[in-house]
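Please work through the following exercises with the sequence and the coordinates at hand, taking each solution step by step.

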2 protein chains.
Amino acid sequence: MCLFVYNLIEVITLKVMHIGDLHIGRTINQHSLLDDQEYLLKKLVNKIDELNIELLIIAGDIYDRSLPSKESVLLFETFVKMVNIERKIPILAVSGNHDGAERLGYGKSWFKTHDFYISTEIEDSFQPITYESVDFYLIPYIEPVEARFYFNDDMITTHASAYEAIISKIEEKMDRTKFNIVVSHLFIQGGNESDSERPLTLGAVEHVPQSLFNMFDYVALGHLHHPFAIQSENVSYSGSLMKYSFSEVNQPKGFRMLEIYGEIKNSFIPLAPLRDMAVIEGSFQDVYDEAYASSFQHDYMRMVLTDMRHINDPMTKLKQLYPNLLELRHADDLKAEETSAVTIVEQGDIEIMNLFSTELTGEMLSAEQLKTVARLHKGDEDIATD
Amino acid sequence: MCLFVYNLIEVITLKVMHIGDLHIGRTINQHSLLDDQEYLLKKLVNKIDELNIELLIIAGDIYDRSLPSKESVLLFETFVKMVNIERKIPILAVSGNHDGAERLGYGKSWFKTHDFYISTEIEDSFQPITYESVDFYLIPYIEPVEARFYFNDDMITTHASAYEAIISKIEEKMDRTKFNIVVSHLFIQGGNESDSERPLTLGAVEHVPQSLFNMFDYVALGHLHHPFAIQSENVSYSGSLMKYSFSEVNQPKGFRMLEIYGEIKNSFIPLAPLRDMAVIEGSFQDVYDEAYASSFQHDYMRMVLTDMRHINDPMTKLKQLYPNLLELRHADDLKAEETSAVTIVEQGDIEIMNLFSTELTGEMLSAEQLKTVARLHKGDEDIATD
């Protein structure tokens, strides 16, 4: 009997909600999504109550911009107040590449006295936050240059080497008798990008290999907007709060729930948005039809149409039928763009620079100029990958 | 013996530092004062230790702009961390007219769980914060239009009527057996303005009569930068952290200390800045002199000079001798400006509009136009005073 009680106490039981990529303040073609975001954040609070969630993880990109609007700040504050002040649920958050780390970090010394942790700099990564004998390590989005400076190590030139240095330092002191969970915001090797993550670098320089996290029981990530961007039992993205670009039109959106009962069980729970998203391709005649339009009244729309060269102000006409039409493209224009995009992906770096210069000046680079570019490119590789 | 102990406990003993008008992020002619502000804020922390201060009042205008720079936010955060987190000293703050109330209010629900109170809206005024049986009422800077909306009262068109409505509501519930102290940011009737308070309205519409606060034991204010802007035993301005315009060149700067031992004793304690401020008037020949300049090496300088029309780039020349020269004016230009300023002060509102229009268009208003202006001015008086 006594042993039975002892076991009951020792088994870790913790129910965690994992969200990320809220991108509060995001706009699509100048259209604010604040209403949609408010709607979904309230839904999350309801889910927290309904599922008896005991801890909330926010895996970065809380805001869409480093200097969020007043309205965005108020919306986020209202959300975390409902969770952390009103419900006394601990929050573990990291800053993402879209967040301004310094501004997001404002007040964190006070927040943590109330179990609301925001990790915004490398230094914040090393001291785990412990709940129910689970150690959570909160590693914010880190630029290689920050890690190079922090560790005073010139060899750190990629995201992989930056996170490797951080993980090594964590591993020096980590308690392996506990569950160890990493919360971070990064592009793990093998994940699939959509248009919204704003890739600033070409190629795979941003990738961080999954093997770095082998010593951890679980990795809760933000950055990629697809909740199934990686297929792994102990690494997962929450996915974004909602569809933030038309390339995400077919992605499920919602949150992840971790149930830690001796082992970690994780599940994805979809959330229906205020307005869904749809992409239509066809001719102007096809879509300029009240009956057809009736099923898209509440959706954010992108249309790729043929046969509209002769239509005067097609956007205004279509908006009468599709009130949430956000993007209208002519099929021919799009085709040209796609072709040129494909071309670039197939080029090497020097060729891309040549194309770029040609685009600007109208003339190809000379052999000598090409050599200079190649020399500079080699020398500045270090800078170029940051 | 027993009675003696009883009395000891009942006497209120509280040592309070009252500062205000920090204007963090202020610039003078594009020159950042952040270094100077950091220096003084550190000095304040030393004074807190030295004087055993138990509570800090910040009477508004924490920042100079509603959207403060990242560096300004970090400086303020560092200061309040040293006071409230490291020393566990309670902070009672209100927002001023320069602060963006919503942004400044971010996080206040968490801050207050750690005895750091920031009042940024009317609603925050009514619940007193109690220390050692002193009730502190924190009333932020309020625009008449906010109070008109909050109290749903169209008669509120001035600052006086706005604060009257707030004070009346406070008085309904205040505990008169306690010491009652107001912290606010306003222009009390009888105070003297300097150039820095950025007067947006003409005349006395911003004034709030001192008699409004008759029921309170003490009023700790911000807004006017002169610490002796009002001569009163139970109403005082802290004055600004440092000299923020050349019109403040002769003002003492520092902080106030309140000692509450059964009664309230208040004293002004000056703080020497990193760099002082000086205004020199004279001829270019007089000041372009190394020996003369030697005593102004560390001062922020304004010079009003005669005889420099023929000097090529006098600013650059003088800056070699006066590294902190921030403003250089020709005496003649200044005289012309002062004359026109005097003229305006002596005009009525309609005449000022006529002058303004003449300045813009080159022509005086016609009799008919003047009548229209007078009519509009009368009708919109309500709006004009906000």
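**Salt bridges and a small sheet**

In this predicted model, B:Glu327 is buried, its relative accessible area being 16%.

**Exercise 1.** Determine which residue forms a salt bridge with B:Glu327, and how far apart the closest N and O atoms are.

*Solution.* The partner of B:Glu327 is B:Arg329, and the closest N and O atoms are 3.8 Å apart. The cut-off for such a pair is 4 Å, so this distance qualifies.

**Exercise 2.** Explain which parts of chain A are tied together by the salt bridge between A:Arg302 and A:Glu327.

*Solution.* The two side chains meet at 2.9 Å, taken from N to O. Because A:Arg302 belongs to strand S17 (residues 300-306) of chain A and A:Glu327 to strand S18 (residues 325-330) of chain A, the pair links parts that are 25 residues apart in sequence. As for accessibility, A:Arg302 is buried at 17% relative accessible area, and A:Glu327 is buried at 14%.

**Exercise 3.** Describe the open sheet of chain B that has the order S16-S17-S18, and identify the strands at its edges.

*Solution.* The sheet consists of 3 strands with parallel pairing. Strands S16 (277-283) and S18 (325-330) of chain B each have a single partner strand and therefore stand at the edges, with one side of each left without a neighbour in the sheet. On average, neighbouring strands are turned by 15° against each other, direction ignored. Helix H10 (residues 314-321) of chain B packs on this sheet, where it touches S17 and S18 of chain B, and its direction makes about 135° with that of S18(B). Between S16(B) and S17 (residues 300-306) of chain B there are 7 bridges, including the one that pairs B:Gly282 with B:Leu305.

Key. Residues are numbered from 1 along each chain as its sequence is written. Chains are lettered from A and ligands numbered from 1 in the order in which they are written. This is a predicted model: local features need pLDDT of at least 70, side-chain atom pairs count only at pLDDT 80 or more; totals for chains, interfaces and linings use all residues. Side-chain values use heavy atoms; hydrogens and water are left out. Two strands pair if DSSP finds at least two bridges between them. Helices (H or I, at least four residues) and strands (E, at least two) are DSSP runs, numbered from the N terminus. Axes are lines fitted to C-alpha atoms, for helices over the stretch in contact, and angles run from 0 to 180 degrees between N-to-C directions. Contact means heavy atoms within 4.5 Å. Buried means under 20% relative accessible area, exposed over 50%, partly exposed in between (1.4 Å probe, protein chains only).
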